[in-house]
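Reader: Could you take a close look at the aromatic rings for me, and then walk outward to the parts around them? I would enjoy one connected account.

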Amino acid sequence: MALGGTLLFTAGVTLVAVVLTFGIARARKRYDTVDTFWGLGFAIVALAAFPFGDGPLTLRLVVTALTVVWGGRLSLHLHLRNHKLPEDPRYARMRQEPLRIFTRVYLFQGLILYFVSLPVQFAMYGTGIGVLGWLGIAVWLVGFGFETIGDDQLRRFKADPENKGKVLDTGLWRYTRHPNYFGDACVWWGLYLLACSTWPGALTILSPVAMTFTLARGTGKPMLEKGMARTRPAYAHYVERTSGFFPLPPKKVTPR
């Protein structure tokens with residue numbers, strides 16, 4: 001199948017997946033089901049595009065495997081985290097407006113997901129794993145490591161009752177306030193580099209840019225930090241000495 005046909009097919013698959021996820025959320029009475037769908041949706045798109053690409057089998061297998069591993073881990077992590085907590089107030093406030101939550105949350109997230117996944121789809125039509133491809137795998141590994149280790153460090157920190165109200169500032173969290181978000185961005189820059197074996201793939205650069213912007217400037221970092229500043233007094237000092245996104249040595253700041 002030509003690339004254009006694959007893009008249309010995966011768009012349809014994404015829409016069906018969004019609708020099914022919304023139906024499951026309605027049945028569960030938990031609209032935060034969309035958080036679980038986020039990573040899984042990328043895996044679905046990769047698997048849907050895989051059979052139709054005409055690129056080397058090795059390249060297609062690598063891109064699909066990296067996407068499925070990342071998406072599966074993230075979905076499982078978010079599901080295990082969310083099911084122990086009350087539903088996110090952002091979703092709870094729209095509970096009586098199902099059409100609004102479908103269009104403004106589910107459908108919108110599906111559109112973002114599809115756009116960000118373009119490098120994965122274009123990579124299925126690449127020419128092979130060259131220098132940029134190996135660099136992409138290395139960047140992906142760095143990102144996956146940051147995200148996985150960062151999430152595990154935060155999980156263990158929150159599990160200790162003595163840390164209630166405190167700020168995690170050790171491990172990877174000593175060098176960046178968001179090792180998981182930084183890792184997320186690296187994963188998608190890595191997948192983009194794997195798509196760069198052809199010019200059409202290289203033109204999908206706005207996809208990792210969109211993901212990075214969302215994490216660093218959109219609904220990721222700013223919204224999370226707003227809540228942290230409100231509930232944890234020590235967070236302001238943590239912000240002063242710790243990089244907001246890219247890992248850097250902590251600054252020397254005199255405690256107030």
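Author: Gladly; here is a walk through the rings, followed by a helix pair and some loops. This is a predicted model, in which local features need pLDDT of at least 70 and side-chain atom pairs count only at pLDDT 80 or more, while totals for chains, interfaces and linings use all residues. Residues are numbered from 1 along each chain as its sequence is written, and side-chain values use heavy atoms, with hydrogens and water left out.

Let us begin with the rings. Searching the whole structure gives 15 aromatic pairs; here rings of Phe, Tyr and Trp (its six-membered ring) pair if their centres lie within 6.5 Å, and planes under 30 degrees apart count as stacked, over 60 as edge-to-face and the rest as tilted. One of them joins F22 and Y106 edge-to-face, with 5.2 Å from centre to centre and 80° between the planes. F22 belongs to helix 1 (residues 3-28) and Y106 to helix 5 (residues 98-116), so this pair ties together parts that are 84 residues apart in sequence. Helices, by the way, are DSSP runs (H or I, at least four residues), numbered from the N terminus. F22 counts as buried because its relative accessibility is 14%, and Y106 is buried too, with a relative accessible area of 1%. The cut-offs are under 20% relative accessible area for buried, over 50% for exposed, and partly exposed in between (1.4 Å probe, protein chains only).

A stacked pair is formed by W140 and F144, at 4.8 Å centre to centre and with 10° between the planes. These two are separated by about one helical turn because they are four residues apart in helix 7. W140 is buried at 5% relative accessibility, and F144 is buried at 19%. Returning to F22 and Y106, ring pairs link them with Y31 and F102 into a cluster.

A ring can also meet a charge. The charged end of R60 sits over the ring of F50, 4.9 Å from the ring centre; this label requires NZ of Lys or CZ of Arg within 6 Å of the ring centre and within 35 degrees of the ring normal.

Now to the helix pair. Helix 2 (residues 33-49) packs against helix 3 (residues 57-82) at an angle of about 160°, and their axes are 7 Å apart. The two helices are therefore roughly antiparallel, a term for angles over 145 degrees.

The loops complete the tour. Between helix 1 and helix 2 comes K29, whose phi is near 60°, a positive value in a residue other than glycine. K29 is exposed, at 61% relative accessibility.

The loop between helix 6 (118-123) and helix 7 holds G126, which is buried with a relative accessible area of 7%. G126 and S197 are 71 residues apart along the chain, yet their C-alpha atoms are separated by 5.5 Å.

N163 sits in the loop between helix 7 (131-159) and helix 8 (179-195). With a relative accessible area of 16%, N163 is buried, and its side chain reaches the backbone oxygen of F157 at 2.9 Å.

Finally, I205 occupies the loop between helix 9 (199-202) and helix 10 (206-216), where I205 is partly exposed at 36% relative accessible area.

Conventions: A polar contact is a pair of N or O atoms within 3.5 Å; within protein, one must be able to donate a hydrogen and the other to accept it, and residues adjacent in sequence count only if both atoms are side-chain atoms. Axes are lines fitted to C-alpha atoms, for helices over the stretch in contact, and angles run from 0 to 180 degrees between N-to-C directions. Angles under 35 degrees count as roughly parallel, over 145 as roughly antiparallel, 65 to 115 as roughly perpendicular and the rest as oblique.
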